[in-house]
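Reader: I would like a close look at a single part of this model. Please take one residue and its surroundings, then the strands that follow from there.

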Amino acid sequence: MLRRPRRNRQSSAIRAMVEETTVSVNDLIYPMFVMEGQNLTTEVKSMPGIFRYSLDKLLDELAVIQDLGIRSIALFPQIPEAKKDKYATESHRQGNIYLESINAVKNAFPEICIMSDVAMDPYSADGHDGIVENGQILNDESLEVLAKMAVAQAEAGADIVGPSDMMDGRIGYIREALDDKGFINVGIMAYSAKYASAFYGPFRDALDSAPKFGDKKTYQMNPANIREALVEAELDYLEGADYLMVKPGLAYLDVIKTLNDNFNIPIAAYNVSGEYAMVKAAAQNGWLDGTRTMVECLTSLKRAGSKVILTYFAKEYAELVK
């Protein structure tokens with residue numbers, strides 16, 4: 001045999017030398033949860049190792065995160081039920097916990113990139129990503145609320161805003177609103193192919209943001225569709241998105257590859273809460289090696305074409321490779 005592929009696998013040095021895909025901590029964005037109160041840290045039961053933090057504790061944790069080399073976070077708020085209403089007015093009220101947190105993080109850790117979340121569901125009494133009338137999610141009327149949120153987050157110090165709502169036309173609407181206020185350098189990471197997935201359950205536990213009725217299938221995508229992802233991504237690209245995201249990640253590696261093959265801007269993947277929880281639960285039961293599985297999952301997302309990976313494994317991975 002002239003050709004023996006095993007020759008390139010015979011030692012760890014050779015395997016490392018010919019390795020085609022490498023995950024760097026620089027590729028990762030760490031999702032974190034902030035809540036009202038002081039000196040509070042509560043673990044998300046369905047996401048072992050992931051916590052909600054009051055702002056003071058969030059800042060303490062960020063010092064650890066930064067020392068590990070993590071340079072980007074995605075921040076999500078848990079909002080008390082009493083502050084939720086039909087129009088998500090708390091989402092853009094100056095002084096709310098979320099805007100206060102963005103500002104405090106940026107002041108304390110100016111080198112950390114903050115990605116914000118632009119969606120109504122954490123603040124909505126209905127738990128949906130848009131204004132609800134007679135059981136219908138209103139698209140165009142919701143855009144004004146989303147734009148107000150994005151501008152308020154940019155004013156607070158967000159480097160990248162992340163519209164996760166899946167309303168039609170929101171990228172262009174938000175881009176125009178940001179530019180009109182002078183925030184031409186604030187990026188937009190569009191949740192372009194966000195699927196109506198069963199993998200979001202633990203995240204909704206973390207934020208108490210599950211819809212109060214129905215589901216999100218009239219605005220999030222059908223998991224069976226891939227051509228539709230190209231339509232959504234093309235619209236977001238033309239409307240000014242700086243990144244195109246696929247969410248979830250592991251069950252949609254083909255979608256990640258398709259977007260990467262068709263667009264010359266960075267493709268992001270969200271390694272979502274349910275994907276994280278499955279690995280953690282199996283590892284806790286001794287059914288698989290949690291560390292090796294984590295690395296394999298992240299590598300697969302990178303190999304498929306993700307330049308950016310949002311993952312709850314970010315801290316654990318940074319500890320592993322440090």
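Author: Asn-271 has a relative accessible area of 0% in this predicted model, and because the limit for calling a residue buried is under 20%, Asn-271 counts as buried. Its place is in strand β11, which covers residues 267-271.

The side chain of Asn-271 takes part in two listed polar contacts. One joins it to the side chain of Glu-275 at 2.8 Å. Another joins the side chains of Asn-271 and Thr-311 at 2.9 Å. Thr-311 also appears among the residues in contact with Asn-271 once neighbours within four places in sequence are left aside. That set further includes Leu-250, Leu-298 and Leu-301, as well as Ile-309, Leu-310, Tyr-312 and Phe-313.

Burial also describes another strand, β9, made up of residues 187-194. Eight of its eight residues are buried, so β9 is largely enclosed by the rest of the structure. Strand β8, residues 160-163, runs parallel to β9 and is joined to it by two bridges. In this pairing Val-161 stands opposite Ile-188 of β9. Between the two strands the chain passes through helix α5, residues 170-180, and this β-α-β crossover is right-handed.

Strand β9 also pairs with β10, residues 243-247, in the parallel sense, here over four bridges. Ala-193 of β9 stands opposite Val-246 in β10. As for side chains, in a regular strand they alternate between the two faces of the sheet.

How values were computed:
Residues are numbered from 1 along each chain as its sequence is written. This is a predicted model: local features need pLDDT of at least 70, side-chain atom pairs count only at pLDDT 80 or more; totals for chains, interfaces and linings use all residues. Side-chain values use heavy atoms; hydrogens and water are left out. Buried means under 20% relative accessible area, exposed over 50%, partly exposed in between (1.4 Å probe, protein chains only). Two strands pair if DSSP finds at least two bridges between them. A crossover is right-handed if, with the strands pointing away from the viewer, the path from the first strand over the helix to the second runs clockwise. A polar contact is a pair of N or O atoms within 3.5 Å; within protein, one must be able to donate a hydrogen and the other to accept it, and residues adjacent in sequence count only if both atoms are side-chain atoms. Contact means heavy atoms within 4.5 Å.
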